[in-house]
Amino acid sequence: MRRLPIIAVAGLALAMAGCDNMANQPKRLPFQLPYGAEANWPALPPAGIVANDEPFGPPPPPPVTIALLARGQQRYDIYCSPCHNRVGDGNGMIVQRGFPRPPSYFSANLIKASNQHYYDVITHGHGVMYPYAVRVAPPDRWAIITYIRALQASENARLAEVPPAQRSLLQ
Amino acid sequence: MAIFGPRANLWMNTALVSVVVLFLGALLSIWVVPVMGYNTQERYAPEQPVPFSHRHHVTGLGLDCRYCHMTVETGQYAGMPPTETCMTCHSQIWTHAGVLEPVRQSFAENISLRWNWVYRLPDYVYFDHSIHIAKGVGCTECHVSIGDEALTRKTTTLYMSWCLDCHRNPAPHLRPLDQVFNPSWKRTANTPSGTALMTAYHIHPETLSDCGVCHR
C-alpha cells in the first residue's frame, strides 16, 4: 500500500481545483463600460438609433385628474422649481445665484401660449434653458403642464372662490 | 546533563505568555479589526474627477436627489447624472471655474465623466433602490450624512449585519413617503409611529432576512 499517499495527494489536488474565490463573481452594471471598451467610447448612442421600447411620437395629453395634478406638482418641484421657483414667478434659488432669470408664468405671453408650446420647451429647451427630455418622461411633461396651468389659474383667484373649509388657511 | 537547564523557567514563562498574547491577537483580528474604520473604509472619500459637493448642491441650493439621480425611484440603481445635467446650470454659472474644467471638456467631447464608486456591494449581493424608496426608507438611513458632505464619503460598513439590523426591525427607520428625499429629516411628535408606517406599507420583517432576498 505504498501508493495510497500518492492517490490521496492526487485526489486532494483534484478536489482543490474546484475551489474558487466565490467573492469574485463579476457582473455588469448598467453604467459600466462594456468589456474591452476604450475609456472614450461614445457617451451617447450614434445618431438615428431608436430605443426598442421608444413610443412613436409624443403621447396625447391625458385627461386632467387630481392624481395627474399631484404628480405634476411633485415633478415641477423637482425639475423646474430651482429656476422658475415654486410659485412660478421665475425667481428660484439658482436664479438668485446668478442664472439668467426666466420669464414669469404669469406674463401675458405665457398665459396665452399653447400647451404644445410648453411641451416643446420641456422637450427641446428654449434659449439658455436646456432640454429636459432625458429627465422628464413624456407623460410627466403633460402632468407638469397641467400643474403650471393650475398655478396660472390660482394667480388671480379670489378668496370667495376658495371652499369655506380652507379659507382660514389663507387668512 | 540535567533535564532542565538553568533557563527552563524562562522558556516556560515565555511560552505561556505568548499563548495568551496569540489568543488575544486572534480575538482582536476576528472581532475588532473587521469593524475598524480602516478596514470598512468608513469616512473614506475616494478621489473624484470633480470635487462635487452634496452640501453645496443639496443643502445649500435645495436640489432634490432626483434632479440628478433620476432612476432611484424606478430602478435598481440610482444612476449618475449625465454631464448635460451639470451643464443645465454650469453653462451659465461658474463658467470659468477651474474645478469645472473636466465637466466642460466632457460636454464638449461627448465623453462621460467617470466617477469613482463610494458605496459598492460585492457582485453576489442583490440590492434594489426602488423598493426601499417605495416603502419609506429615506436616503439618509443608508447614506447617512450625504446632505452635509463636501466630498462624498462612505458612512456605513455595508456589511451583511448592517442590512440585517434593519431588515429584522425596520420600524424605527421608516418615514412618511414625502420625506424620503429630505436629507435633514427628523422624527417629530406628529410623525406617525414606525409600527403604524410598517402596517401602512405592508412590510413583513419575518421574511426579510431570508437568504434569497439578497443572494439570488
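This section describes the fold of chain A, the interface between chains A and B, the nonpolar cores and the salt bridges of a predicted model.

Chain A is helical: its secondary structure comes to eight helices and zero strands. Along the sequence, the order of elements in chain A is accordingly α-α-α-α-α-α-α-α. Chain A has 171 residues, of which 27% count as buried. Among contacts in chain A with a sequence separation of 6 or more, 44% are between residues 24 or more positions apart. One residue of the loop between α1 (4–17) and α2 of chain A is A:Lys27. The C-alpha atom of A:Lys27 is separated by 32 Å from that of A:Gly11, although the two residues are 16 apart along the chain. A:Lys27 has a relative accessible area of 29% and is therefore classed as partly exposed, given that this class runs between the 20% limit for buried and the 50% limit for exposed residues.

The interface of the two chains brings 28 residues of chain B into contact with 32 residues of chain A. About 2900 Å² is buried between chain B and chain A, and carbon and sulfur atoms give 61% of this area. One salt bridge is counted between the two chains. The partners are B:Glu73 and A:Arg75, whose closest N and O atoms are 2.8 Å apart. Four residue pairs, with both residues at pLDDT 80 or more, are in polar contact across the interface. On the side of chain B that touches chain A, α4 (65–68) and α5 (83–90) of chain B each supply at least two residues. The largest share of that side, five residues, is from α5(B). Sorted by class, the side of chain B that touches chain A consists of 13 nonpolar, eight polar and seven charged residues.

The largest nonpolar core holds 20 residues, and within this core A:Tyr76, A:Tyr79, A:Tyr118 and A:Ile144 touch the most other members. Two or more residues of the core come from each of α2 (66–79), α6 (115–124) and α7 (138–155) of chain A and from α4 of chain B. The largest contribution, six residues, is that of α7(A). When residues up to four places away in sequence are not counted, the residues touched by A:Tyr76 include A:Tyr105, A:Ile144, A:Tyr147, A:Ile148 and A:Leu151. A:Tyr76 also touches A:Ser81, A:His84, A:Asn85, A:Arg86 and A:Gly88. Another core, of eight residues, lies apart from the largest one, and among its members are A:Cys83, A:Phe99, B:Leu63 and B:Ile93. In soluble globular proteins, nonpolar side chains tend to be buried together.

Over all chains, the structure holds eight salt bridges. One of them joins the side chains of A:Asp140 and A:Arg71, with an N to O distance of 2.9 Å. This pair links distant parts of the chain, as A:Asp140 belongs to helix α7 and A:Arg71 to helix α2 of chain A, 69 residues apart. The relative accessibility of A:Asp140 is 11%, so this residue counts as buried. A:Arg71, by contrast, has a relative accessible area of 33% and is partly exposed.

In chain B, the side chains of B:Arg175 and B:Glu141 form a salt bridge at 3.6 Å, N to O. These residues also connect distant parts of their chain: B:Arg175 is in the loop between α9 (160–168) and α10 (194–200), whereas B:Glu141 is in helix α8 (residues 139–142), 34 residues apart. B:Arg175 is buried, with 1% relative accessible area, while B:Glu141, at 23%, counts as partly exposed. A further salt bridge pairs B:Arg66 with B:Asp64, the closest N and O atoms being 3.0 Å apart. B:Arg66 has a relative accessible area of 6% and so is buried.

The pair formed by B:Arg66 and B:Asp64 and the interchain pair of B:Glu73 and A:Arg75 do not stand in isolation. Through shared salt-bridge partners, A:Arg75, B:Asp64, B:Arg66 and B:Glu73 are joined into one network. Side chains of opposite charge can pair when their charged atoms come close.

Technical notes
Residues are numbered from 1 along each chain as its sequence is written. Chains are lettered from A and ligands numbered from 1 in the order in which they are written. This is a predicted model: local features need pLDDT of at least 70, side-chain atom pairs count only at pLDDT 80 or more; totals for chains, interfaces and linings use all residues. Side-chain values use heavy atoms; hydrogens and water are left out. Contact means heavy atoms within 4.5 Å. Buried area is the accessible area (1.4 Å probe) that two parts lose on being put together, summed over both. A salt bridge is a side-chain nitrogen of Lys or Arg within 4 Å of a carboxyl oxygen of Asp or Glu. A polar contact is a pair of N or O atoms within 3.5 Å; within protein, one must be able to donate a hydrogen and the other to accept it, and residues adjacent in sequence count only if both atoms are side-chain atoms. Helices (H or I, at least four residues) and strands (E, at least two) are DSSP runs, numbered from the N terminus. Ala, Val, Leu, Ile, Met, Phe, Trp, Tyr, Cys and Pro count as nonpolar, Asp, Glu, Lys and Arg as charged, and the others, Gly among them, as polar. A nonpolar core is a set of buried Ala, Val, Leu, Ile, Met, Phe, Trp, Tyr and Cys residues joined through side-chain atoms within 4.5 Å. Buried means under 20% relative accessible area, exposed over 50%, partly exposed in between (1.4 Å probe, protein chains only).
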